[in-house]
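Please work through the exercises below with the sequence and the model in view, and try each task before you read its solution.

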Amino acid sequence: MSTAPLRLASTVMLVRDAPAGFEVLLLRRNKDLAFAGGAHVFPGGSVDAGDGDPTLVARCAGLDPDEADARLGITDALRFYVAALREAYEEAGILLVADDLHRAATDVEQQLRVARRALVEGERSFGEIVQQLDLVLDVGALIYVAHWITPEGAPRRFDTRFFLARVPRRQLATPDRSEIVGEVWITPERALDAYHQGQFELVLPTVKNLEFLASFGDVETLLTAARALTSVPPIQPRFYRRPDGSVAVALPDTPEYRQASTTVLGAGEALPTHPTTGP
């Protein structure tokens with residue numbers, strides 16, 4: 001059986017205070033994209049080679065390389081943090097920095113908007129933007145909370161680290177209008193309701209992480225609990241075929257998971273988005 005290679009990826013769940021507890025940012029992907037087209041997702045994407053560039057890593061604050069390695073259990077872990085910040089900036093226009101962007105207010109914000117367009121269009125790299133605007137990336141604002149690995153047999157597979165961060169109210173989300181065509185700040189509960197009612201398309205890791213967020217009533221309680229996590233085990237679901245021939249996905253520690261054999265999805269076969277228990 002052949003299986004697609006794993007791509008390293010980072011995702012960040014951006015949250016902000018709201019009258020009804022807190023909201024999380026979801027982005028709607030262009031329906032024409034090969035992976036999760038039309039789905040609502042957290043900002044994120046593949047870890048690029050440039051995310052580990054020493055000059056870029058040197059501009060990270062709040063977490064040193066050894067601490068990052070210990071938290072993720074790998075070497076060169078800061079590249080995952082940098083990737084999460086880069087993707088949030090590229091896809092949503094939100095950039096978490098350690099210094100105050102409003103030190104030059106309008107001028108810096110305008111430069112960031114212009115630089116972002118160049119980044120999306122491939123005219124400038126993230127490292128060049130950080131250097132030229134003399135920015136310090138606030139990797140310390142990112143809390144590592146989850147690790148998901150795409151099941152074997154999927155046409156595209158990702159080894160994804162999930163982070164959590166509070167967004168300052170002054171920063172507004174604006175989609176890049178390329179990969180991302182819409183955005184919504186929404187409570188986790190409302191997002192899950194929309195999913196179950198068929199109004200949102202969500203992939204499994206998004207669903208499960210929204211369920212995690214929904215178990216907290218406010219940002220401070222959420223962040224405190226996230227920082228207290230001492231272990232983030234990897235979660236790798238498995239595909240299996242039901243008696244009717246359809247493909248379902250099982251999570252670890254379920255009977256279906258233990259019984260599942262590796263299943264390769266056929267050409268054009270839909271990727272299951274939610275765990276199914278029982279036949």
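The exercises deal with two single residues, then with nonpolar cores, and then with salt bridges.

The model is predicted, and residues are numbered from 1 along each chain as its sequence is written. Local features need pLDDT of at least 70 and side-chain atom pairs count only at pLDDT 80 or more, while totals for chains, interfaces and linings use all residues, and side-chain values use heavy atoms, with hydrogens and water left out.

**Exercise 1**

Find where Ser10 lies, and decide whether Ser10 is buried or exposed.

Solution. Begin with the secondary structure, in which helices (H or I, at least four residues) and strands (E, at least two) are DSSP runs, numbered from the N terminus. Ser10 belongs to strand β1, which covers residues 6–18. Next, take the relative accessible area, where buried means under 20%, exposed over 50%, and partly exposed in between, with a 1.4 Å probe and protein chains only. Ser10 has a value of 0%, and therefore counts as buried. Then look at what surrounds Ser10, taking contact to mean heavy atoms within 4.5 Å. When neighbours within four places in sequence are left aside, the contacts of Ser10 include Pro43, Phe80, Thr160 and Phe163. Finally, a polar atom of the Ser10 side chain lies 2.7 Å from the backbone oxygen of Phe80.

**Exercise 2**

Decide whether Ala228 is buried or exposed, and state where Ala228 lies.

Solution. Ala228 sits in the loop that runs between α8 (219–227) and β10 (234–235). The relative accessible area of Ala228 is 54%, so this residue is exposed. As a last step, compare sequence with space: Ala228 and Ile143 are 85 residues apart in sequence, and their C-alpha atoms are 9.8 Å apart.

**Exercise 3**

State how many residues the largest nonpolar core has, and which element gives the most to this core.

Solution. A nonpolar core is a set of buried Ala, Val, Leu, Ile, Met, Phe, Trp, Tyr and Cys residues joined through side-chain atoms within 4.5 Å. The largest one has 46 residues, and Leu14, Tyr81 and Phe163 are among those with the most contacts inside it. Several elements supply at least two residues each, including β1, α3 (78–92) and β8 (157–166), and α3 gives the most, with 10 residues. Apart from this core lies another, of 33 residues, among them Ile186 and Val247.

**Exercise 4**

Describe the salt bridges that involve Arg86, and say which residues form a network with Arg86.

Solution. A salt bridge is a side-chain nitrogen of Lys or Arg within 4 Å of a carboxyl oxygen of Asp or Glu, and the count by this rule comes to nine. Arg86 pairs with Asp48, the closest N and O atoms being 3.4 Å apart. This pair links distant parts of the chain, since Asp48 is in the loop between β4 (44–46) and α1 (54–57) and Arg86 is in helix α3, 38 residues apart. Arg86 also pairs with Glu90, with closest N and O atoms 3.7 Å apart, and both of these residues lie in α3, four residues apart, about one turn of the helix. Now add accessibility: Asp48 is partly exposed at 40%, Arg86 is buried at 4%, and Glu90 is buried at 18%. The network of salt bridges links Asp48, Asp51, Arg86, Glu87 and Glu90.

Note on methods. A polar contact is a pair of N or O atoms within 3.5 Å; within protein, one must be able to donate a hydrogen and the other to accept it, and residues adjacent in sequence count only if both atoms are side-chain atoms.
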